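Reader: I am in my first year and would like to learn how to read a protein model step by step. Could we go through this one together, with questions and answers?

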Amino acid sequence: MEYTINVTSDYLGLPVRAAQEKELLEIFQGENRVYEFQVPVCKEEAIYDYYAYLPVKELQGKSLTLKGDMGEAFFAHIMQTNDPVQEQKTKPLLHFTADRGWINDPNGMV
């Protein structure tokens, strides 16, 4: 599937479903491939665990084409932001956590 997006912000937020199989995501500007990733995604539904933020500030005002076997739900939930802060819906307020993703439980070290 192909999805075209006009870059208007500093970051693209890619939805990640950690326990799923990885799919190849290629990002093109015109004919040039600018990024290539293996992203774990949930193809059937719009279920994700967190956003992985991709810096695209230097590509603002340009059009990017995203290609991959992700399904429409993945592409529909890509977001643009100038502030790549992790959403707090699953992050406790008084606990050592990573900005995005998991780092297991480092609290025993602290």
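Author: Let us begin with a term that will be needed later: a residue is called buried when its relative accessible area is under 20%, exposed when that area is over 50%, and partly exposed in between. Please keep in mind throughout that this is a predicted model.

Reader: Which pattern of strands and helices does the protein follow along its sequence?
Author: The protein has one helix and seven strands. Read from the start of the sequence to its end, these elements come in the order β-β-β-β-β-β-α-β.

Reader: What percentage of the residues in the protein is buried?
Author: The protein has 110 residues, and a residue joins the buried group when its relative accessible area is under 20%. Counted in this way, the buried share of the protein is 37%.

Reader: Among contacts between residues at least 6 apart in sequence, what percentage joins residues at least 24 apart?
Author: Here we set aside contacts between residues that are less than 6 apart in sequence, and then ask which of the remaining ones join residues at least 24 apart. That share is 74%.

Reader: How do β3 and β4 run with respect to each other, parallel or antiparallel?
Author: Strand β3 covers residues 22-29 and strand β4 covers residues 32-40, and eight bridges join them. They form a hairpin with two residues between them, and Gly30 in the turn has a positive phi of about 65°. One of the bridges sets Leu25 against its partner Phe37 in β4. The direction of this pairing is antiparallel.

Reader: Which residue in β6 is the bridge partner of Ile27?
Author: Strand β6, which covers residues 63-68, pairs with β1 in the antiparallel sense over five bridges, and there Ile5 has Leu64 as its bridge partner. Strand β6 also pairs with β3, again in the antiparallel sense, over four bridges. In this pairing with β3, the bridge partner of Ile27 is Leu66.

Reader: What is the average twist from one strand to the next in the open sheet of three strands?
Author: This open sheet has the order β5-β2-β7, with antiparallel pairing. Its edge strands are β5 (50-55) and β7 (79-81), each of which pairs on one side only. From one strand to the next, the twist averages 35°.

Reader: Which residue in β7 stands opposite Gly13?
Author: Strands β2 and β7 run antiparallel and are joined by three bridges. Within this pairing, the residue of β7 that stands opposite Gly13 is Met79.

Reader: Asp10 is buried yet has no salt bridge, so which residue has the nearest side chain of opposite charge, and why does the pair not count?
Author: Asp10 lies in the loop between β1 (2-6) and β2 (11-16), where its contacts beyond four places in sequence include Leu54, Pro55, Thr81 and Asn82. Its side chain makes a polar contact of 2.6 Å with the side chain of Gln60. A salt bridge needs a side-chain nitrogen within 4 Å of a carboxyl oxygen, and because the nearest side chain of opposite charge is 4.6 Å away from Asp10, the pair does not meet that cut-off. The residue with this nearest side chain is Lys57.

Reader: How many residues apart in sequence are the parts tied together by Glu2 and Lys67?
Author: Glu2 forms a salt bridge with Lys67, with the closest N and O atoms 3.8 Å apart. Glu2 is exposed, at a relative accessible area of 53%, whereas Lys67 is partly exposed at 29%. Because Glu2 lies in strand β1 and Lys67 in strand β6, the pair ties together parts whose separation in sequence is 65 residues.

Reader: Where does Asp49, the partner of Arg17, lie?
Author: The side chains of Arg17 and Asp49 meet in a salt bridge of 3.1 Å, N to O. Arg17 is partly exposed, with a relative accessible area of 24%. The pair links distant parts of the chain, 32 residues apart, with Arg17 in the loop between β2 and β3, and Asp49 in the loop between β4 and β5.

Reader: Which residue is linked with Arg33 and Glu36 in a network of salt bridges?
Author: Arg33 forms a salt bridge with Glu36, the closest N and O atoms being 3.0 Å apart. Both are partly exposed, since Arg33 has a relative accessible area of 47% and Glu36 has one of 44%. The network that links these two also takes in Glu26.

Conventions
Residues are numbered from 1 along each chain as its sequence is written. This is a predicted model: local features need pLDDT of at least 70, side-chain atom pairs count only at pLDDT 80 or more; totals for chains, interfaces and linings use all residues. Side-chain values use heavy atoms; hydrogens and water are left out. Two strands pair if DSSP finds at least two bridges between them. Buried means under 20% relative accessible area, exposed over 50%, partly exposed in between (1.4 Å probe, protein chains only). Lys and Arg count as positive and Asp and Glu as negative; His and the chain ends are not counted. A polar contact is a pair of N or O atoms within 3.5 Å; within protein, one must be able to donate a hydrogen and the other to accept it, and residues adjacent in sequence count only if both atoms are side-chain atoms. Contact means heavy atoms within 4.5 Å. Axes are lines fitted to C-alpha atoms, for helices over the stretch in contact, and angles run from 0 to 180 degrees between N-to-C directions.
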